[in-house]
Amino acid sequence: MANDSLPENKMPVIRVPAMPSDLNQGGTVFGGWIMSQVDIAGSIPAAVRAGGAIVTRAVDSFEFKKPVFAGDLVSCYADVIKVGRTSITVHVEVYAQHMDKGVVTTTAVTEASLVYVAIDKHGKPRSIVR
Ligand SMILES: CC(C)(COP(=O)(O)OP(=O)(O)OC[C@H]1O[C@@H](n2cnc3c(N)ncnc32)[C@H](O)[C@@H]1OP(=O)(O)O)[C@@H](O)C(=O)NCCC(=O)NCCS
């Protein structure tokens, strides 16, 4: 099994254990659950950068590189990589830490790029240019 390293000098925006209720029929974690965690994780730095409400506008890329198993500790790291007039693009990296018999194995499992748009009270795009 791969043993990747968690990113150094960075804090995950989300850490959550995958539960048995999150599994698909094949016994690994359902991709939709991972997508949800990624969307939540990406929205955090986007909302902070926007200083207000945002919505997910697009998922530019999404790659499930390795499976996640029940009990794995899932950590999502999210970085703003681009800021437009109203949009914020965030790159999210997900790691799973599998703990078994006293050994922790870390695996880079998912990577995605998402575009969020700042919105005003009418749900219309809002400029975030400073
Ligand atoms: C977000 C929303 C308000 C944007 O309205 P819109 O008419 O598409 O706005 P625009 O065309 O002006 O695009 C807004 C920004 O998104 C970017 N954008 C639009 N479509 C995009 C796409 N497919 N990929 C990447 N960026 C995109 C534009 O380039 C623009 O960025 P910029 O201002 O930084 O240059 C509208 O699309 C919407 O309400 N979508 C539904 C959102 C939603 O329900 N999400 C799920 C739940 S959070």
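How many helices and strands does the protein chain have? In this predicted model, the protein chain has 1 helix and 5 strands, and along the sequence these elements follow the pattern β-α-β-β-β-β. Taken along the principal axes, the C-alpha atoms of the protein chain fill a box of roughly 50 × 35 × 20 Å. The 5 strands form an open sheet, helix α1 packs on that sheet, and a ligand is surrounded by 13 residues.

**The sheet as a whole**

- The order of the strands in the open sheet is β1-β3-β4-β5-β2, and the pairing is antiparallel.
- The edge strands, each of which pairs on one side only, are β1, spanning residues 14-17, and β2.
- On average, and with direction ignored, neighbouring strands of this sheet are turned by 25° against each other.
- Helix α1, made up of residues 31-50, packs on the sheet and touches β1, β2, β3, β4 and β5, while the direction of the helix makes about 55° with that of β5.
- As general background to the pairings listed next, strands of a sheet pair through backbone hydrogen bonds, in either a parallel or an antiparallel manner.

**Strand pairs and hairpins**

- Strand β1 runs antiparallel to β3, which covers residues 73-83, and 4 bridges join the two.
- Within the pairing of β1 with β3, Ile-14 stands opposite Cys-76 of β3, and Val-16 stands opposite Val-74 of β3.
- Strands β3 and β4 run antiparallel and are joined by 10 bridges; they form a hairpin that has 3 residues between the strands.
- Two bridges illustrate how β3 and β4 are aligned: Tyr-77 has Glu-93 in β4 as its bridge partner, and Ala-78 has Val-92 in β4 as its bridge partner.
- Strands β4 and β5 pair in the antiparallel sense over 14 bridges, and one of the residues involved is Thr-89, whose bridge partner in β5 is Val-115.
- The hairpin of β4 and β5 has 2 residues between the strands, and in this hairpin Lys-101 takes a positive phi near 55°.

**The ligand and its shell**

- Of the 13 residues that surround the ligand, the closest are Thr-56, Arg-57, Arg-85, Thr-86 and Ser-87.
- Divided by residue class, the shell around the ligand holds 5 nonpolar, 5 polar and 3 charged residues.
- The contact made by Thr-56 involves the backbone, with an N or O atom of that residue lying 2.9 Å from a nitrogen atom of the ligand.
- The side chain of Arg-57 places an N or O atom 3.0 Å from an oxygen atom of the ligand.
- In the side chain of Ser-87, an N or O atom is 2.6 Å from an oxygen atom of the ligand.
- On its own the ligand has 970 Å² of accessible area, of which the protein covers 48%.
- Two or more residues of the shell around the ligand are given by each of two elements, namely β2, with residues 54-64, and β5, with residues 103-118.
- Strand β2 contributes 5 residues, the largest share of the shell around the ligand, and is also one of the edge strands of the sheet.

Technical notes: Residues numbered from 1 in each chain as written. Predicted model: local features only at pLDDT ≥ 70, side-chain atom pairs only at ≥ 80, totals over all residues. Heavy atoms only, no water. Near = heavy atom within 4 Å. Polar contact = N/O pair within 3.5 Å; in protein donor to acceptor, adjacent residues only side chain to side chain. Areas by Shrake-Rupley, 256 points an atom, 1.4 Å probe, with all protein chains shown as cover. Helix = DSSP H or I, 4+ residues; strand = E, 2+ residues; numbered from the N terminus. Nonpolar A, V, L, I, M, F, W, Y, C, P; charged D, E, K, R; others polar. Pairing = 2+ DSSP bridges. Axes fitted to C-alpha atoms, helices over the stretch in contact; angles between N-to-C directions. Contact = heavy atoms within 4.5 Å.
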